[in-house]
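Student: I would like to learn how to read cores, strands and salt bridges in a model like this one. Could we go through them in turn?

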Amino acid sequence: MMTRSRLSSSPSSSTVSAAGLPLLRLQNVGKTYWTAAGPFVALENINLEVAAGEFVCIIGHSGCGKSTLINMVAGFSAPTSGSITLKGQPITAPGPDRMMVFQNYSLLPWLTAFENVYLVVDQVYPDKSPREKREIVQEHLELVGLAEAAHKRPKQLSGGMKQRVAIARALAVRPEVLLLDEPFGALDPITKEELQDELLAIWRDHRCTVLMITHDIDEALYLSDRVVMMTNGPAARIGEILTIPFERPRIRSRILEMPEFYELRHSALDFLYRRFAHVLD
Amino acid sequence: MKTQPYIEVDHVDKDFLLDNGEVYPVLRDIHLEIQKGEFVSLIGHSGCGKSTLLNILAGLEQPSRGGVLLEGRQVTDPGPDRMVVFQNYSLLPWLTVRENIALAVDEVLGSLPKAERKQIVEEHIRRVGLQGAADKRPAHLSGGMKQRVAIARALAIRPRVLLLDEPFGALDALTRGSLQEQLMEIAQAEQLTCVMVTHDVDEALLLSDRVVMLTNGPEARVGQILRIPFPRPRHRLEVVNHPEYYSLRGEMIYFLNQQKRARQKTLTRVAIAKGGLEKVNLAIGFVPLNDCAPLVVAQEKGLFQKHGLEQVTLVREPGWKTIWEGIRSGRLDAAVVVAGIPLASTLGVGGVPVPLVTSLTLSRGGSAITFGRRLLLQGVFSLWDLGNYLRQTPEAVPTLGVVHSASLHNFLLRHWLASGGVDPDRDVTLTMIPPLQMVARLKAGNIDGYCVDEPWNSRAVREGLGFIVTTTPEILPSHIEKVLTVRQDWAQSYPRTHVALVKALLEACHYCDQPQHRPQILEWLAQPQYVGAALEDLQPGWRGVLQRGTADESQVIVGFHQFANGRNTCPERLEHLWILTQMARWGLCAFPRNWVSVLEQVLDDKTYALAASDLGLPDRAHDRGALLFGDGSRFDGEDPIAYLESVAIGQEPKLQNYRLSEV
């Protein structure tokens with residue numbers, strides 16, 4: 001159903017550097033917004049290192065600054081203190097090496113699935129021939145199983161299909177880091193599981209680094225190598241990081257057979273519902 | 001006299017008339033009785049008609065056949081006694097929080113004095129903690145706050161029933177959590193009767209007294225109803241630590257996955273006949289445990305093919321309950337089951353009687369009782385210690401897991417406890433947990449021990465979570481363990497296939513008992529499509545050389561795992577009669593006065609005889625005279641009722657004549 005062979009054999013630029021430095025590094029990152037009521041500290045003292053090829057999920061209650069954090073990695077906004085570097089270089093602006101997928105898909109409604117992907121490919125690879133660009137688009141639509149729906153506009157696509165287009169668009173320019181802001185939050189449970197499995201398969205073959213925001217503990221445990229749990233804002237910080245030891249490729253039903261799954265689930269529940277419970281506003 | 005339920009959904013069918021004039025059947029034969037103050041969840045995949053059912057309860061839609069009674073009165077239209085909370089809040093955007101609530105109160109409770117109405121509005125704003133936002137309009141509220149307004153508005157007009165249609169579906173998973181707890185508090189404080197549509201299994205478990213699971217539409221029906229036994233008031237972190245939490249959660253996920261699979265490909269269960277066999281395409285269910293070995297061998301060694309069964313699919317199931325459901329519903333042609341299931345299903349233990357037969361005993365022994373560290377730290381190393389500990393600490397009631405009520409694990413654990421003066425229904429709590437979850441529950445401290453098959457005792461020992469206090473062959477040497485079962489009507493429809501199946505598995509049992517084959521079988525068992533556990537956990541039981549976890553030495557348990565057991569594979573009356581006495585002793589069902597004909601029907605030794613004589617093996621069970629237990633007691637089957645009356649611990653046995661199906 002999906003063609004991945006060409007991708008997996010392609011040279012990858014996302015390997016760890018010889019010195020073994022982390023791909024992405026956040027050092028003492030803080031973010032303060034200046035409001036009419038005075039300074040509002042959203043994030044404080046965030047330290048995180050993500051290795052090349054790692055899958056990291058960030059979980060926390062709404063208002064904990066998760067999106068602020070991922071937006072700074074994307075380069076949409078700058079930290080007020082500390083630094084964020086990718087392969088040792090400070091992040092100063094958005095770039096095709098970090099592609100973002102949003103919960104609301106953010107597709108242009110008047111363009112077809114193909115054209116939505118092509119738009120980005122065209123921007124990032126202005127020197128490639130139109131034929132090459134079309135091939136790249138086709139390849140990535142196939143990757144997410146959407147070759148048949150290439151000519152459809154977002155309105156004619158289901159939520160799951162729209163999110164597949166958004167993922168194809170992000171992957172088409174071969175980012176070093178794939179940033180996902182609650183990508184499956186709006187999908188029904190079955191479609192959600194299908195997309196999780198597709199994402200894992202793509203990640204495995206593509207060997208990109210993933211930073212993903214979620215509110216779903218089971219999703220985080222199933223997908224990631226590490227789960228970063230945030231405390232509540234204001235002045236949110238990283239409260240605890242869970243390392244997820246399950247072998248890959250992972251089989252959903254098998255994970256439910258492992259005692260470690262229940263321990264990890266309980267740590268996360270305890271963190272989010274007791275130690276850093278959400279207070280109703 | 002039967003008490004009138006608070007709400008009765010009486011055999012409701014619902015059809016939609018399509019534009020092209022065709023009839024689309026949405027719901028079929030939905031029958032539910034809901035008590036006052038009960039919280040019931042409806043769960044199922046999108047399009048299964050659960051919202052339609054809720055709308056019928058609300059009076060927003062009419063059933064095509066059948067009807068809904070609320071306190072004996074038929075529901076025909078919407079009314080303020082049944083308030084609905086929708087996923088999309090349905091607040092009026094130009095009104096503030098207070099005005100939205102007041103609108104409903106003035107409409108429904110208009111006859112009350114103005115001051116009283118005002119007080120009701122304020123009280124409900126407070127109830128959902130929105131005092132600070134009372135003057136805000138919906139556009140200035142978060143999704144969670146909007147839904148709290150909708151709940152306050154519904155409650156303010158004092159409905160008798162609260163109907164919730166995926167109330168938290170639009171909120172993120174964590175915000176949902178806080179609102180669930182608030183809803184639960186309110187429902188309990190007001191003794192509200194609630195029916196909620198959801199697709200979130202954790203939400204259903206936390207809130208409900210019962211979860212009604214609907215099959216896929218068209219023609220959605222009630223597939224299964226789960227009773228949620230957690231005590232109230234409930235708190236999330238306590239609820240997830242209840243020993244049964246993950247078994248129930250697993251059952252719901254399993255049900256939904258079954259429905260999902262059914263939707264993706266409608267399995268053609270059409271029989272393919274070939275080579276003189278009525279059906280050569282079989283789905284055979286098993287639970288991944290060491291003693292599924294005969295099935296694995298028959299598959300890997302091509303024994304099914306050899307006997308003409310060309311398309312055998314082995315279906316790995318998470319536990320005995322799902323296997324039981326699979327065989328009863330016809331999803332599975334045959335299954336390897338714990339030995340009590342054929343009798344229990346035929347007599348209707350825990351449900352409608354579905355006659356099953358067994359024509360082959362597949363394994364003997366192979367299980368153990370493990371106690372966790374908590375008991376060890378209390379100085380409990382043996383049954384004798386347990387008895388002492390319980391006498392000295394009457395407030396201690398350890399919880400022990402068993403895999404199924406009709407399994408030898410349950411019967412042998414109970415027999416063993418009772419032989420040490422421990423009453424399994426009074427001095428300890430027994431709880432049903434699927435085998436695959438035992439270690440996790442022990443590790444999480446939700447249970448104190450369990451009786452389960454290998455590899456799950458050796459796994460606990462290896463992880464230092466507990467120790468093997470006894471093995472089941474030490475309680476009853478060579479006890480019957482797993483049997484082959486099929487439905488009685490299946491056996492009647494496919495007699496030659498049945499014989500071929502017994503032949504293949506009978507050969508496999510003999511293969512399993514040859515010591516030189518065991519290393520190879522161990523490799524197969526370790527594969528993920530079979531048991532998929534670590535070799536180091538599989539090996540001890542498989543070789544019968546167990547580490548008990550209390551001393552350094554491994555111990556050889558003679559005949560720990562047996563399959564053909566010296567050609568002892570024919571269904572044996574004496575053993576199944578003992579199972580009947582145990583089901584009566586522990587209150588699963590009445591002992592059958594007509595036990596001779598019950599055994600006659602369930603034990604299909606004719607099929608066994610045909611298969612065995614084809615293979616040149618003895619065609620009947622050998623008479624072993626009596627079952628001799630490790631504690632010195634015996635059961636000779638001469639007078640089962642006298643035996644039941646002679647045992648010291650157990651429930652007062654009841655007697656009953658069972659009506660058997662026509663053969």
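Tutor: We can begin with a pair of charged side chains: B:Arg459 forms a salt bridge with B:Glu463, with the closest N and O atoms 2.6 Å apart. A salt bridge here is a side-chain nitrogen of Lys or Arg within 4 Å of a carboxyl oxygen of Asp or Glu. This is a predicted model, in which local features need pLDDT of at least 70 and side-chain atom pairs count only at pLDDT 80 or more, while totals for chains, interfaces and linings use all residues. Residues are numbered from 1 along each chain as its sequence is written, chains are lettered from A and ligands numbered from 1 in the order in which they are written, and side-chain values use heavy atoms, with hydrogens and water left out.

Student: Is B:Arg459 buried or exposed?

Tutor: Buried means under 20% relative accessible area, exposed over 50%, and partly exposed in between, with a 1.4 Å probe and protein chains only. B:Arg459 counts as buried because its relative accessibility is 13%. B:Glu463, at 26%, counts as partly exposed.

Student: Which residues of chain B are linked by a salt bridge between helix 23 and helix 24?

Tutor: Side chains of opposite charge can pair when their charged atoms come close. Here B:Arg573 and B:Glu600 form a salt bridge, the closest N and O atoms being 3.7 Å apart. The pair links distant parts of the chain, with B:Arg573 in helix 23 (residues 573-585) and B:Glu600 in helix 24 (residues 595-602) of chain B, 27 residues apart. Helices (H or I, at least four residues) and strands (E, at least two) are DSSP runs, numbered from the N terminus. B:Arg573 is partly exposed at 32% relative accessibility, and B:Glu600 is partly exposed at 47%. Salt bridges that share partners also join A:Glu260, A:Glu263, B:Lys443, B:Arg459 and B:Glu463 into one network.

Student: How many salt bridges does the structure hold over all chains?

Tutor: There are 67 over all chains. One of them joins the side chains of A:Arg226 and A:Glu54 at 2.5 Å, N to O. A:Arg226 lies in strand 9 (residues 226-230) of chain A and A:Glu54 in the loop between strand 2 (38-50) and strand 3 (55-59), 172 residues apart. Both A:Arg226 and A:Glu54 are buried.

Student: How should I read a nonpolar core?

Tutor: In soluble globular proteins, nonpolar side chains tend to be buried together. A nonpolar core is a set of buried Ala, Val, Leu, Ile, Met, Phe, Trp, Tyr and Cys residues joined through side-chain atoms within 4.5 Å. The largest core has 138 residues, and those with the most contacts inside it are B:Phe304, B:Phe371 and B:Leu386. Helix 20 (residues 495-512) of chain B gives the most to this core, with 11 residues. A second, separate core of 123 residues includes A:Leu157, A:Tyr262, B:Cys194 and B:Phe230.

Student: Which way do the residues of strand 16 of chain B point?

Tutor: B:Thr399 and B:Gly401 point one way, B:Leu400 and B:Val402 the other way, and all are buried. B:Gly401 has a relative accessible area of 0%. Strands pair if DSSP finds at least two bridges between them. Strand 16 is joined by four bridges to strand 17 (residues 429-432) of chain B, and the two run parallel. The bridge partner of B:Val402 in strand 17 is B:Met432.
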